Amino acid sequence: MPEPTKKDETENESAPPPPEQTTPQEGGNEKGKVWSLGEGAPEESEKRDDSQRSTLFVEKPQSGTVSVGGNITFIAKVEAKDLLRKPNVKWFKGKWMDLASKAGKHLQLKESFERHTKIHTFEMHIIKAKENYAGNYRCEVSYKDKFDSCSFDLEVTESSQAAQSIDIRSAFKRSGEGQEDAGELDFSGLLKRREVKQQEEEPEVDVWDLLKNANPSEYEKIAFQYGITDLRGMLKRLKRMRREVKKSAAFAKGLDPAYQVDKGGKVRFMVELADPTVELKWYKNGQEIRPSAKYIFEHKGNQRILFINNCSMTDDARYYVTAGDEKCSTELFVRDPPILVTKGLEDTNTYVGERVELSCEVSEDDANVKWFRNGVELTNDPKSRYRIKVEGKKHTLIIEEAAKNDTATYSVMTTGGQSEAKLAVDLRPLKISLALEDQTVRLGQEIHLKCEISENVEGKWYKNGQLIEASDRVKLYHKGRIHRFVIPVSAVDDEGEYMFVPDAYDINIPCKVHIVDPPKLHLDGLGENNTVTVVAGSKLRLEIPITGEPTPKVVWSRGDKGITDSGRIRAETYPDSSCLVIDTAEREDSGPFRITLKNEAGEDTALINIKVVDVPDPPQAPNVTEVGEDWCIMTWEPPANDGGSPILGYFIERKKKQSSRWMRLNFELCKETTFEPKKMIEGVAYEVRVFAVNAIGMSKPSMPSKSFVPLAVTSPPTLLAVDGVTDTSVTMKWRPPDQIGAAGLDGYVVEYCFEGTDEWIVANPELTDKTKFTINGLPTGSKILVRVKAVNAAGESEPRYHPQPILVKEVIEPPKIRLPRHLKQTYTRRVGETVNLVIPFQGRPRAKVSWQKNGSPIDKNEINIRNTENDTIIFIRKAERGHSGEYDMTVEVENLVDKATIDIQIVDRPGPPEIVTIEDVWGENVNLSWKPPKDDGNAAITGYTIQKADKKSMEWFTVIEHYHRTSATINELIIGNEYYFRVFAENMCGLSEDATMTKESALIAKDGKVYKYPVYDDFDFSERPLFTQPLVNTFAIAGYNATLNCSVRGNPKPKITWMKNKVLIMNDPRYRMFSNQGVCTLEIRKPSPYDGGTYSCRAVNELGEAEVDCKLEVKVIPQ
């Protein structure tokens, strides 16, 4: 079988017992689960480095012993003085099994906290311990980055009633057939932690007895010693062997649970049958076994025997025998014979660096042999210093170059023996073959130190007592016995005393290195031609690195004049540099400065040009050359003085003219002298300014530009259409642009071109502000294309083209009067007001318009009539009541006629009422009556106003206003006074100019007989709703508000509702409803053809209801 890998060895070495299987409880057939170690990977806490652990325990759990069935408690205490919260504590068995998941009947975990002592106490209680509870346990506590761990052992001893020693094979019980673990063995009940007892050597060593009594950590060692190459597989198989023994009807005696035989040996399986006539078959791993030289069958009475000769590792398997429907199974384990050490290791002495070989011989070729150094196993890892060589029975451990720390005890172990030897590695006496020599090196040259010693050992280099490490600059070489120290480019700091010290030897090899160097100026950091630029007004501190050994003397000069170490311009000298200092730079400081170095090794000099620069002057005020809707184009000239540094670019700012807040427009320098500001507000005045920028900084701002206003051309005119055509002219009309903008609208340009040409002719040299224009002088029968442009301060808009060519030829258009909506009802005006009615009409050519009033011609001295091609105007400068009547309008085009009638009503204030009579006086009351006025002012009387006056003062006071009846009772008069009364009539124009006064006065008597009031029945004013003015069918123009009116009376006041097509109108923002003194109005906002239909007004009170209807037609004007 193959050797286990290092990983397998590690896992096997620390493997705890496999998980505990269920065991029968005393006095019954029930089985209870017990907890034990499970298989898995080690906990992460085991991987923590010991350096991370800190002491958290104030009391650690201690190892203990308990008898089977007894109880035991382990206690751990943690101090909480420095902890902000409770620490995390875990209990483990072995390395990986967390006992928190096993808490239950046999295991309880408790914790408590003592506030006075600030101690956390953690307890683990084991109840009714079993033998398989024995083993190694661990308690871990952690808090943030702190960690502590403690291991302890539990030993479970047998009680006095313990049975005789356990036969290992009798413990092999196979698990139930058909389950996941079928065919495997349970060995966990036998692997208990016990002390290893010294036993006398016996001819036959039973490895299962050794495993039973051994510590789990020694399993792999025992397996290796006795040739068990698959310990984990063996334990797994033994674990599956545990099963409950049942009494068999076919077998009087069955197979043992397991058998063991040495490789090459012979094994005997025997069963005894209850019925010898039953057919019996033998199987190996499910395959039936046939008789052969290897497999021999024997029958002795009821006994059936199977012999297996010359056993090999392939015979290590599961066997079972069947008798009828029953079977009996067992496991066969084949063990390799032990490997003996025939020639042991020998003690060896050697020197450092020598090759060392430790050899031994074993009894078998290519046997599995393990090497150890001070008890630690050595592997044949390619990265290891140790190499293991196998030549048949000879095994050799090779160390190519022995080191002093290789001194140790080395041992070799086989399955049947071991051998050990001591290796001693000493140093050879050291001799200096070539010593280091003192050197004088020119600065920048190579420093090369070399020495040779008698031994090939490492060493260290020192400079002035300080250890030198290898780096990119310092190269350390070691080849055999020669050591070299190399610095390719020497520096001043490299001067000093050097020393080489071999490792492990108490000697050193010294030398001295001296560095020499002529003076030199290092001007690499300066600009072209050694030019240094400084900003005017700032301080210049020019530091020039210098080198030279010994330190050179520095002299600064300007022209023939030397520079001292004081003043505004001064020189400062340091060991490795010299500084030229100018406290406040001025433009006059520009020019060459000379620096000279001298020492005994030579001289160096250089000219340094100082250039004093400043920010540029501000540019001139920029010019705005072009503006748009939200943009403009601005230009400017570069500043006259760039401050001694080229202009890098410009920053631009803008502000509203009325504001003081400037806003930066570009955050990256503008390289050009033009810029286009954007995102301005149309119609707002702006100013712009410019900053010049050079390498020094930004100039002051330029003067602001002249203010400008961003303006945009309008959108094209809309609804361009032909209004009229004659034989020599075309009249066009259009609507204003949809978007005019802040620049407004100055007028329109009308252009035309003849069909088939591209030459557009301006029809109006001067702008027209009207939306209608006639193009005259056109040849009859020609076709023209027409376009119109809107013009404002920003320029001309995009043109609006007429979609079709227009034929210049007069077309007969039948007359049609377009009577305005408000003239379709009675047109009412007051006396003295102006009447100015415009009635448009259609008709071509030369429509003839005529007017008549009440069937008679109109007197043009009283009424002015003015006719145009498209409309007629009737004008009355000062209307009189005689102007009222029906006016008939007729439009004739050749033999075609259209007529319309307009009803004009001129109204005036009414005359006073007729006779006012005092009907009765009683108590404080006076009853008056009167007759309506003869002249109602050509309008209905809407009410009366009654006033009273005391006869003594004759001052009039209004008693009742807007009174509708012709009799009234005046109350609350003062007893003893005498009163006159007068009445004014009122219509839509107001009160009558005069009032009618009572001829007699009414005396309110102080004394007299008591007036006996007559008894009158209360007048019943209740009335069901009645519409006094119905709704009228109406035409409306789409896009213009329309109103529907009617009047209603009723008592109690009726509730008014409106309906469209018998559907109630509610909460619709397109409709507004009014009701004032019985007049009901429905306003339809900007109707569309959809709003046409039948509208109803319904009035309802408790006495009944009334309803009126009308039709509304909405017409759309063609575009």
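A salt bridge, as I use the term today, is a side-chain nitrogen of Lys or Arg within 4 Å of a carboxyl oxygen of Asp or Glu. By that criterion, the structure before you holds 40 salt bridges. Please keep in mind throughout that this is a predicted model.

Let me take three of these pairs in turn. In the pair formed by Arg541 and Glu572, the closest N and O atoms are 3.0 Å apart. The two residues belong to distant parts of the chain: Arg541 sits in strand β40, residues 540-549, while Glu572 sits in strand β43, residues 569-574, and 31 residues separate them. As for their surroundings, Arg541 is partly exposed, at 43% relative accessible area, whereas Glu572 is buried, at 19%.

The second pair is Glu653 with Arg664, where the closest N and O atoms lie 3.7 Å from each other. Glu653 is part of strand β49, residues 647-656, and Arg664 is part of strand β50, residues 663-664, so this salt bridge ties together parts 11 residues apart in sequence. Here Glu653 is buried, with 9% relative accessibility, and Arg664 is partly exposed, with 25%.

The third pair joins Lys772 to Asp723, with a distance of 2.7 Å between the closest N and O atoms. Since Lys772 lies in strand β57, residues 772-775, and Asp723 in strand β53, residues 718-725, the pair ties together parts that are 49 residues apart in sequence. Lys772 is partly exposed, its relative accessibility being 33%; Asp723 is buried, at 19%. Beyond individual pairs, there is also a network: Arg355, Glu357, Arg387 and Glu400 are joined into one by salt bridges that share partners.

I turn now to the cysteines. How many disulfides does the structure hold? The count is 0. Why does Cys139 not form a bond with the closest cysteine? The closest cysteine sulfur belongs to Cys150 and is 7.0 Å from the sulfur of Cys139, which is too far for a bond, because a disulfide requires the two sulfur atoms to be within 2.5 Å. Cys139 is buried, with a relative accessible area of 0%. Cys753 is likewise buried, at 1% relative accessibility.

Next, the nonpolar cores. The largest of them has 28 residues, and those with the most contacts inside it are Phe74, Trp91, Met124, Ile126, Tyr137 and Leu154. Two or more residues of this core come from each of the strands β5 (72-79), β6 (88-93), β9 (119-126), β10 (135-143) and β11 (146-157). Another core lies apart from it and has 24 residues, including Phe269, Leu280, Trp282 and Ala323.

Finally, I should like to describe one sheet. Five strands form an open sheet with mixed pairing, in the order β22-β29-β28-β24-β25. Which strands stand at its edges? They are β22, residues 348-351, and β25, residues 376-378; each has a single partner strand, so one side of each is left without a neighbour in the sheet. On average, neighbouring strands of this sheet are turned by 30° against each other, direction ignored. At the β22 edge, the partner is β29, residues 418-426; the two strands run parallel and are joined by 4 bridges. Within this pairing, Thr350 stands opposite Val425 in β29.

How values were computed. Residues numbered from 1 in each chain as written. Predicted model: local features only at pLDDT ≥ 70, side-chain atom pairs only at ≥ 80, totals over all residues. Heavy atoms only, no water. Pairing = 2+ DSSP bridges. Axes fitted to C-alpha atoms, helices over the stretch in contact; angles between N-to-C directions. Core = buried A, V, L, I, M, F, W, Y, C linked by side-chain atoms within 4.5 Å. Buried < 20%, exposed > 50% of the residue type's maximum accessible area, 1.4 Å probe, protein only.
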